[in-house]
Amino acid sequence: MTRRVAIVTFNLGGPDGPDAVQPFLFNLFNDPAIIELPNPFRWLLARVISKRRAPVAREIYGHLGGGSPLLKLTQDQCRALEMAMETSDNATMFKCFIAMRYWHPMSLETAERVREFDPDEIVLLPLYPQYSSTTTGSSLKEWRRAADAAGLTAPTRAVCCYPVKEGWIEAQVDLVAKALTEWPDVESPRVLFSAHGLPKKVIDAGDPYQAQVEQTVAAVADGLAGRGFRSLDIVTCYQSRVGPLKWIGPATEDEVERAGAEGRGLIVVPIAFVSEHSETLVELDIEYRELADEKGVPRYARVPAVGDHPAFIAGLADMVWSLTLDGPAVCSSGGNRICASDRGRCPMPSAA
């Protein structure tokens, strides 16, 4: 009998048109992982913020034809993953599903489709390489609610993070090495590894995201050194800072300004995004490029997101295979906890 395995991939989601922008923003800010207020206060604040920010967000998505490309790109990744999971003996059938956190297809819709597939096992696979309670953590909680509502009872295991997974790192190294090889000047560029930022209070509360971003950057740097790119000028920075709270840094825009003051060219690498979306195609490609021109950065290049790079897809497939064989309910790509003991928001228990 063929074993049926459902692979559920998680990502943020994005509005599919101008009319979806405000409800997408409302869903985002109504998430208790984003705004830690009890209802009805969170609901009311989410209404206010989403209404206020919708015009600017519509302008941003206007650069992308009015909506986000994230769903289509995630579908491409899922097709590539299903192909990578094919087995010659037909002993296991893998089917990939997409659950977006803040816009369609959302978890309940996806859970109902998974129920129709009638799987023997379910593997939850976030498309966030580094764990945060605001991304993967929120998605896993929402999935559990949706799975209960849909009546899913199949054994379920989840990957929580894979900041140094071989395929993920190899894909990044390939793309950065290509950009370095194409750099035209004798002087080497500064390489900015830019990740989405978080309020500092989230990290101070034990979230492992920043530490895992730094692990990813260190692993990519080691991979580049192995290809002959040694002594690189590398900076890890964080983008998308909004609101009055203090955010982790340094901020990407501040690093762009510093490069201009120092006359340094920049290669910018999206190190926490696996797909192109507004933060790469607009924030990095348009807004920060304009800032670089304004501040006198002599050359600005941006490395693409890994997308369906074969090494990245192979790494995802390897994690899925590992979880279908055995393992705890939630684990890192290596199976063990990789977070320091003070990272209390890590979903895996500390070593005894």
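## Helices α1 and α2

Helices α1 and α2 are oblique to each other, because their axes cross at roughly 135°, an angle that falls outside the ranges for roughly parallel, roughly antiparallel and roughly perpendicular. The two axes come within 7 Å. Their crossing is right-handed. Keep in mind that this is a predicted model.

A loop runs between α1 (21-29) and α2 (41-62), and Leu37 is found in that loop. Leu37 counts as partly exposed, because its relative accessibility is 36%, and the partly exposed class lies between 20% and 50%.

## A nonpolar patch on the surface

Leu37 also belongs to a surface patch. Its partners there are Phe41, Leu45 and Val48. The patch is nonpolar. Together the four residues have about 340 Å² of accessible area.

## Helices α9 and α10

Two packed helices are described by the angle between their axes and the distance between the axes. Take α9 and α10 as a second case. Helix α9 covers residues 252-262, and helix α10 covers residues 278-295. Their axes come within 8 Å and cross at roughly 30°. That makes α9 roughly parallel to α10, because angles under 35 degrees count as roughly parallel. The crossing of α9 and α10 is right-handed.

## Salt bridges within helices

The structure holds 24 salt bridges. One of them joins Asp204 and Lys200 through their side chains, at 3.0 Å from N to O. Both residues lie in helix α7 (residues 200-204). They are 4 residues apart, about one turn of the helix. Is Asp204 buried or exposed? Asp204 is exposed, because its relative accessible area is 54%, and exposed means over 50%. Lys200 is partly exposed, with a relative accessible area of 32%.

Helix α9 offers another pair. Arg258 forms a salt bridge with Glu262, and their closest N and O atoms are 3.3 Å apart. These two residues are separated by about one helical turn, because they are 4 residues apart in α9. Arg258 is partly exposed, at 33% relative accessible area. Glu262 is partly exposed as well, at 42%.

## A network and one more pair

Which residues are linked with Arg258 and Glu262 in a network of salt bridges? The other members are Arg190, Asp233, Glu255 and Arg264.

A further salt bridge brings together the side chains of Glu294 and Lys295, at 3.9 Å from N to O. That value passes the cut-off, which asks for a nitrogen within 4 Å of a carboxyl oxygen. Glu294 counts as exposed, because its relative accessibility is 60%. Lys295 counts as partly exposed, because its value is 34%.

## Far in sequence, 6.3 Å in space

Asp342 sits in the segment after β9 (330-332). Asp342 counts as exposed, because its relative accessibility is 52%.

How many residues separate Asp342 from Gly206 in sequence? The answer is 136. In space, the C-alpha atoms of Asp342 and Gly206 are 6.3 Å apart.

Technical notes:
Residues numbered from 1 in each chain as written. Predicted model: local features only at pLDDT ≥ 70, side-chain atom pairs only at ≥ 80, totals over all residues. Heavy atoms only, no water. Patch = residues over 30% accessible without salt bridge, like charges linked within 9 Å, V, L, I, M, F, W, Y side chains within 5 Å. Areas by Shrake-Rupley, 256 points an atom, 1.4 Å probe, with all protein chains shown as cover. Buried < 20%, exposed > 50% of the residue type's maximum accessible area, 1.4 Å probe, protein only. Axes fitted to C-alpha atoms, helices over the stretch in contact; angles between N-to-C directions. Parallel < 35°, antiparallel > 145°, perpendicular 65-115°, else oblique. Left-handed = near helix turned anticlockwise from the far one by under 90°.
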